[in-house]
Structure formats: structure tokens, C-alpha cells
Amino acid sequence: MSIFNLSSFKMNPKADERYVIKGEKYRITVLTEQMLRLEYSENGVFEDRATRLAFNRAFDTPAFDSYTENGILHVKTKHLHLRYNAEEFSEHGLQIFVDGTGDWRYGAKPNTLGGTVRTLDTINGATPLGDGLLSARQSFTTLDDSQTIAIGEDGWPVPVTGDRIDLYFFGYGRDYEKCISDFYKLSAPVPLLPRYALGNWWSRYHAYTDGEYRELMDKFESKDIPFSVAVIDMDWHITKTPDPVKYGSGWTGYTWNRELFPDPADFLADLHRRGLKTTLNLHPRDGIRAYEDTYAALCEYLGREADGKQIEFDAADRSFMDGYFKTVLNKLEGEGVDFWWIDWQQKGGYSIPGYDVLWMLNHCHYTDSTRRGERGLLFSRYAGPGSHRYPTGFSGDTHVTWESLAFQPYFTATAANLGYCWWSHDIGGHMDGYHDNELQTRWVQFGVFSPINRLHSTANPFNSKEPWKYGECEGIITDYLRLRHRLIPYTYTMMHRGHTDGIPMFRPMYHKYSRDGAAFSVKNQYLFGDLIVAPITEACDKQSCLASAEVWLPAGNYIDFFSGRIYSGNRKMKVYRRIEDIPVFAKAGSIVPLAEADGNSTENPKALEIRIFGGDNGTFTMIEDNGKSGDALDCARTSFDFAYGTESRLTFTPEACEGVPAERDYKFSFVAFTRPKAVTANVNGTTHALDYTYDERRRTVLAEIKGIKTGDKVIVTLTGDGELPENEVRDTAYELLEKAQCMYNQKTQLLATTTKNTPVHSRVQELLTLKANASLVSAMIELLCAK
């Protein structure tokens with residue numbers, strides 16, 4: 001049965017008995033040196049099936065000691081020491097020491113760095129978050145799997161009943177990356193998404209007609225604005241029921257509204273021809289009513305008479321759920337629907353206590369979407385720990401306000417503390433609020449550097465997210481939407497890394513820099529792959545036309561992704577940006593592959609830009625495959641290796657794989673370099689000089705090679721002085737000041753002082769004495785003190 005297909009998950013839920021210490025009513029399982037499973041059951045029955053939290057308990061467990069002394073059971077690993085009196089779990093009877101410090105006692109609630117919540121529906125600004133797996137104040141956290149859902153060998157989920165305790169103890173201290181990686185081993189890795197999911201998604205709650213939607217897609221194409229997913233909200237189906245008294249509202253529906261979409265199959269085929277995948281909105285709560293096209297087929301499947309009575313939605317009824325998918329949803333998929341948007345907000349929907357309907361929907365939809373052997377995908381709300389197995393997450397209907405935008409970077413990154421890393425927000429906000437060109441631009445900038453970039457809005461004629469509705473910001477928004485598609489070679493590789501290595505693509509700074517207290521102080525800054533991003537979430541100052549973000553850079557040198565400006569790290573600072581820019585930093589030696597534009601396509605590109613950031617050696621292994629099959633091993637891994645020096649060399653050999661072009665053109669952008677003496681290319685042993693240009697402002701060398709085939713051995717060499725250049729100051733300062741809305745004399749004073757031929761500290765001191773706009777003064781100081 002399709003919805004019980006678990007082949008996409010490698011489940012091994014039963015622990016090796018060698019790593020189990022068991023008594024009459026208790027069972028303790030050593031999973032890792034830092035993770036234990038603690039069970040207590042009055043009837044001595046313990047759970048060995050997979051559960052909503054744990055799919056795998058067969059770990060490669062390290063050595064440990066267990067012994068009883070004076071009636072106390074001791075279990076010791078390299079990091080943990082458990083003491084237990086073998087009675088019902090209690091505060092005084094069960095405790096665990098982590099690395100010889102800080103003991104946990106049963107019942108204690110750890111103080112965590114936060115996790116996530118089920119939804120942001122109707123939230124304006126911030127909201128409290130649930131607990132995560134990481135703590136800054138304590139060396140431990142726990143997850144309770146006592147009231148759970150188990151998955152049998154036949155794949156059907158059932159509630160676990162009985163008086164039992166099933167607790168997982170994580171004693172990882174500040175080893176955050178190991179904690180998250182081991183959690184993925186326990187709960188299953190984050191699945192690979194289809195490649196198209198990493199492009200831009202278009203969504204709007206609006207009763208589009210077939211023609212209106214196609215005209216909109218035509219306009220996007222004419223303006224070269226790429227999208228890869230078309231999200232059709234609930235008006236795709238009948239929303240005005242034939243008899244409201246008999247049938248109720250049309251919130252739930254499965255029959256195309258033929259007045260709006262006369263030929264659904266042709267409409268969906270046209271979207272596919274344009275390079276767009278399609279998802280449709282579902283509110284399943286009201287079941288299948290007699291006017292639905294699929295009513296008779298489902299009745300037949302269930303062996304009941306098609307007597308006009310409503311078929312209730314029941315997530316606990318195995319026959320209903322299987323028939324629901326086979327006769328209703330799979331039929332619509334046959335017409336061209338690619339995946340489903342599950343908009344579940346209601347209570348009820350089950351006939352047996354203990355079911356979480358949202359979790360059931362997520363589990364069944366995701367497993368069903370893999371039935372053809374391809375990668376699964378759904379779009380639904382978060383349903384608790386373990387939900388990372390069912391990407392992507394719909395965060396709900398937020399307000400269109402600066403307060404909502406300001407919360408989303410922190411909210412999105414913090415979810416990685418539970419391994420949840422594929423949130424999709426209503427970029428631009430959903431409802432209420434106000435029209436603000438700058439707000440929309442900043443939200444899109446964040447969206448481009450977020451897990452899923454989905455533009456969306458509510459049913460209001462004035463609230464829609466087409467870039468041309470935002471006046472002077474149209475070009476900026478358009479450029480960022482194009483950048484999102486250009487970033488796919490990078491984000492796709494980071495997605496693969498998350499799947500295989502357990503490193504979320506989007507995570508807080510303290511995941512990687514857990515020993516540095518400053519990493520905890522920049523809540524809205526995060527790692528996007530290995531790039532550091534600090535979105536602008538406040539309006540520009542009216543005089544300077546600049547907005548700021550607080551940034552912490554770890555030790556080392558960093559280069560602004562857009563301007564090429566070099567920053568020295570190991571410090572915290574405010575950085576200032578115009579509406580066109582946001583702070584994105586690449587560490588010296590970083591390599592970022594970018595696709596050359598190709599409409600809506602998210603396929604492996606025919607041409608690449610390889611962006612290399614100077615100042616250090618670096619390597620990047622770009623992963624490519626056919627973008628849809630489930631096997632993470634069947635892929636091309638092209639390593640770009642960079643050695644920095646007086647003769648800086650970039651070496652690579654493109655690998656072949658299904659879906660990867662046999663021949664490509666390559667552009668190379670060497671950012672933060674002095675003007676080279678020469679640039680050469682060696683292809684398969686033959687060396688020739690390359691023509692190049694040098695961008696003085698961005699300190700960037702630009703060159704290209706055409707017609708590189710898979711298997712070619714390529715070395716690009718820059719001969720120079722092997723030193724980082726000085727940052728350009730005069731032209732950048734002039735450009736910032738030119739756009740400022742302030743007194744001309746202020747501008748000339750600021751420019752003259754900033755560009756004086758005096759030591760930097762003298763110029764900084766003089767700038768601080770000027771009676772000028774504070775953010776302009778700070779922006780000038782940033783230019784001078786960046787490096």
C-alpha cells in the first residue's frame with residue numbers, strides 16, 4: 001500500500017541487546033557515549049518498534065561499564081555516569097553526571113536554547129519557542145517519547161498506550177554539531193529534496209482563472225523573473241458547495257473549479273512546460289462529500305453505498321487513509337499535481353484516541369510521495385520532534401510588519417536545534433499590516449538566503465508580491481529572485497551535506513562556534529551553508545538611506561559576498577547597507593558555485609560561475625545528480641581545490657553523472673585579489689593565457705573558459721603578489737554619501753575626512769567630532785575599519 005511505503009527511510013529500531021541493561025520494570029540503552037534511552041514500565045513491556053521520534057536505535061555503540069554497588073546501578077561511558085536505584089524513576093533515584101560536572105536528576109526540565117513551534121499563524125512579531133536539544137547553561141537535554149505513535153513492520157502508525165516512561169537523554173555539553181548529527185542517526189537523516197524545491201515559489205491566496213494565471217507566468221517570463229514552483233491556494237477546487245445547509249462550507253475540496261480551470265490537465269501541463277512544478281492546497285478536515293468527483297470511487301473502495309452521506313475524514317482508519325490516497329489524491333496527481341500543501345489547523349479527524357492528525361498527514365503524505373522511487377516532498381506545518389523527516393514546513397499566516405520579519409531569521413535558525421531545517425515562510429508576510437516597498441525588499445532578501453523562498457499573500461487585492469508592485473524596488477527584488485536560482489548549485493550541495501553529514505544548511509552561529517560566547521549574542525545572524533548571513537530587518541534611516549545589522553565575525557578574514565570588501569574577524573560590529581544590499585560574508589578561501597541564468601530551470605546548469613574568495617586556501621566539493629532520485633550516493637562530486645599564494649591555483653576535474661551536462665562554460669570570479677600579472681589555464685596539460693578583466697571597486701579578477709568537458713583536468717593560475725588588497729574606500733564612500741538625504745556640507749565634510757591621507761585612527765577620531773548623521777558617520781568608520 002502506497003502510504004505505508006517506508007523504503008525511503010532506513011529503519012532499524014531495535015537496539016543490540018549487548019548495549020541494553022534491563023531489569024524487571026526498567027530498561028536502559030546505551031546509544032552513544034553521550035546519549036541514553038531510559039525506559040520504565042510497570043508491566044515490564046518495552047517498545048522496540050520505530051516511533052514518531054526514533055527510527056533507528058541500532059547504533060555503533062562504544063564501550064561502557066555497568067555494575068551494581070550497594071543496590072545502585074551504575075552505567076559509565078566516556079562522558080556519562082548514570083546512577084539508578086532500580087525503582088520507579090524519581091528525582092532521587094535516577095541521576096546522570098556529564099563529564100564529571102552538572103548532574104541531571106529525573107524530572108528536571110533542562111534550560112535549552114529553544115527549538116521551534118507548530119505554527120506562526122496570526123503572530124505579529126515574536127512568539128515563545130518550544131525546547132530544543134541544545135543548552136548553553138547545562139550540559140544536557142532530554143526528549144520524551146512516552147506518549148508516542150509507533151510504526152509497525154507493515155508501516156501503519158498506531159498510538160502507544162499504557163503507563164510507561166520513554167526518555168532520551170542527550171549529554172553533549174557544547175558539542176552541538178555532534179548532538180544534532182547523532183539525533184539524525186536516531187530519528188533518520190533529513191531527506192534530500194527534489195532540486196526544483198530550491199528555486200523560487202510563487203503563491204497567492206487569490207481566485208485565479210486559468211487564463212489569468214498563465215498571463216502572470218508570461219509576465220514573469222518576459223521580465224526574466226524565475227520561479228520553479230507554482231502554489232495554487234484553495235480556490236483551485238469548488239469553494240461554494242451546492243447546498244451549504246447540507247454540505248457546509250467549501251473549505252475542504254477535491255474537485256476542480258471548472259469555472260476557473262476548465263481543463264485542469266492542460267493547465268498543469270502548461271506549467272510543466274514552463275519548468276514549474278505544482279502544489280495544491282488541501283484542508284482535509286471535512287472529508288469527502290457527495291458532490292465531489294471522487295466520492296463514488298472512494299465509496300466503492302471502502303465497500304459502502306454511495307448514498308450521499310459524507311465520508312468522514314479519519315486519520316486513524318487504515319482503509320480510509322489508503323482509499324483517500326489511491327482514489328482521491330493519486331488521481332489528481334495523475335492529472336499533473338506534483339505534491340500537496342497540507343493546511344491542517346483543526347482539531348479532531350480521528351476515531352481512536354492518541355493520534356496526532358497533523359503528524360499522520362505529514363507521515364502518510366511524505367511516504368506516499370516516494371512511492372515511485374523518487375524523492376518525496378510535501379508542504380505542511382511542524383508536528384513535533386522528528387518532523388524533519390517530512391520536508392518542507394509551512395510556518396503559517398504571519399502579519400505584514402517589520403516585527404514579523406525581525407523574528408523570522410532567529411526563528412528559522414533556532415529550529416535547527418531540533419534538526420528542523422526546511423521552514424518555508426510567507427515571504428513578505430501574509431495578512432494585515434501595510435504596504436511598504438522597503439519591507440518587501442528586505443523580506444525577499446532574507447527569503448533568498450533562507451531554506452525555501454516562497455512569496456505569498458492573503459486574499460486582498462492590494463496585497464500581492466509581484467515585484468512590479470513595489471515601485472523603485474522592483475529591480476532590486478528581481479535581482480534577488482534571480483540570485484536565488486543562481487545559488488542552487490551551492491544550496492543543493494549544502495542540502496546533500498545536511499543529508500549525509502547531519503549539518504543543517506540553515507543554523508545558528510553557535511552550532512559551529514559553540515565555545516565563543518559572542519556566537520550566542522547575534523540571534524538574527526546565521527550560517528547559510530558556510531556563508532554568514534545577517535539580514536536587515538529594520539527600515540533605513542531617512543537621512544542616510546542606510547540600515548544596519550549587528551554582526552559577529554569569528555577569527556579570520558571575511559569578504560562581503562556582494563561588494564568584495566574585506567573584514568577582519570574575531571569581533572562584533574554594526575554594518576550598514578543600502579536597500580540594494582544585505583550583509584553576507586564568505587570566509588577567506590571559500591568557493592561558491594553559481595548557475596548562469598536559464599529561465600525557470602533548476603536543472604544542472606550548462607554554464608557556471610565559480611566565485612573564489614581570496615586570502616587563504618580552500619576547497620569545495622560540488623554535488624550534482626539528476627535532482628530527483630532517492631540515492632544520495634549516485635552523484636557527481638566535483639572538487640574545486642584552491643591554493644592561495646603568489647601563484648594562486650584553482651584545480652578541478654568535472655565529474656560525470658546522469659543529468660550533468662557533458663560540456664560546460666566556466667566563469668571565474670576571484671574576489672579580494674590584487675590585480676594579477678597574468679592569468680593562465682591548463683586544460684589536460686596544455687597551458688594558455690586567459691584574457692581577464694579587473695574590477696577595481698570589488699578587487700575582483702574575472703576570466704572564463706568555454707567548452708570544458710567532464711573528465712578534463714583544469715588548473716587556473718593567477719600570478720600576483722599573494723597578498724590581500726586594501727579595500728577601496730573613496731568611490732564607495734562617495735556613492736553612499738551621494739544617495740544620502742542630508743545637507744551638502746555634511747556630505748563634503750564626511751568624504752573629505754574619510755579619504756584624508758592620515759592614519760585611520762586619526763580619521764575615525766575626526767569623524768566622531770563631526771555634527772553629521774550618526775549612521776553616515778558609522779558607515780564611513782565601517783569602510784575605514786573593515787580590514
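Here are a few numbered notes on selected helices and strands of this model, which is a predicted one.

1. Let me start with strand β20, residues 423-427. Five of its five residues are buried, leaving the strand mostly covered. It has parallel neighbours that are worth taking in turn: β19 and β21.

2. On the β19 side, residues 393-394 form the partner strand, and the parallel pairing with β20 rests on two bridges. If you would like a residue pair to look at, Phe394 has Ser424 of β20 as its bridge partner. Between these strands the chain passes through α8, giving a β-α-β crossover that is right-handed.

3. On the β21 side (residues 452-455), β20 pairs in the parallel sense over four bridges. Here His425 is found opposite Asn453 of β21. The connection is made by helix α9, residues 437-448, and β20, α9 and β21 together form a right-handed β-α-β unit.

4. Helix α8 deserves a second look, as the chain crosses through it from β19 to β20. This helix, residues 402-414, also lies across β22 and β23, and its direction is at about 100° to β22. That takes us to another sheet.

5. The strands β22 and β23 belong to an open sheet of six strands, ordered β22-β23-β24-β29-β26-β27, and the pairing is antiparallel. At the edges are β22 (506-508) and β27, each of which pairs on one side only. On average, neighbouring strands in this sheet are turned by 35° against each other, direction ignored.

6. Within that sheet, β23 (residues 526-528) and β24 (residues 531-533) run antiparallel and are joined by three bridges. Phe528 sits opposite Leu531 of β24, which is a handy place to begin when inspecting this pair.

7. Finally, helix α16 covers residues 774-785. Its 12 residues reach 16 Å from first C-alpha to last, close to the 16 Å expected at 1.5 Å a residue. Nine of the 12 are buried, so the helix is largely enclosed by the rest of the structure. Among the buried residues are Leu776, Val777, Met780, Ile781, Leu783 and Leu784, and the list also includes Ser775 and Glu782.

8. What do the buried residues of α16 pack against? Their partners include the helices α13 (730-738), α14 (744-754) and α15 (760-769), along with the strands β27 (566-568) and β28 (571-577). Of these, β27 has already appeared above as an edge strand of the six-stranded sheet.

Technical notes
Residues are numbered from 1 along each chain as its sequence is written. This is a predicted model: local features need pLDDT of at least 70, side-chain atom pairs count only at pLDDT 80 or more; totals for chains, interfaces and linings use all residues. Side-chain values use heavy atoms; hydrogens and water are left out. The expected span of a helix is 1.5 Å times one less than its number of residues. Buried means under 20% relative accessible area, exposed over 50%, partly exposed in between (1.4 Å probe, protein chains only). Contact means heavy atoms within 4.5 Å. Two strands pair if DSSP finds at least two bridges between them. Axes are lines fitted to C-alpha atoms, for helices over the stretch in contact, and angles run from 0 to 180 degrees between N-to-C directions. A crossover is right-handed if, with the strands pointing away from the viewer, the path from the first strand over the helix to the second runs clockwise.
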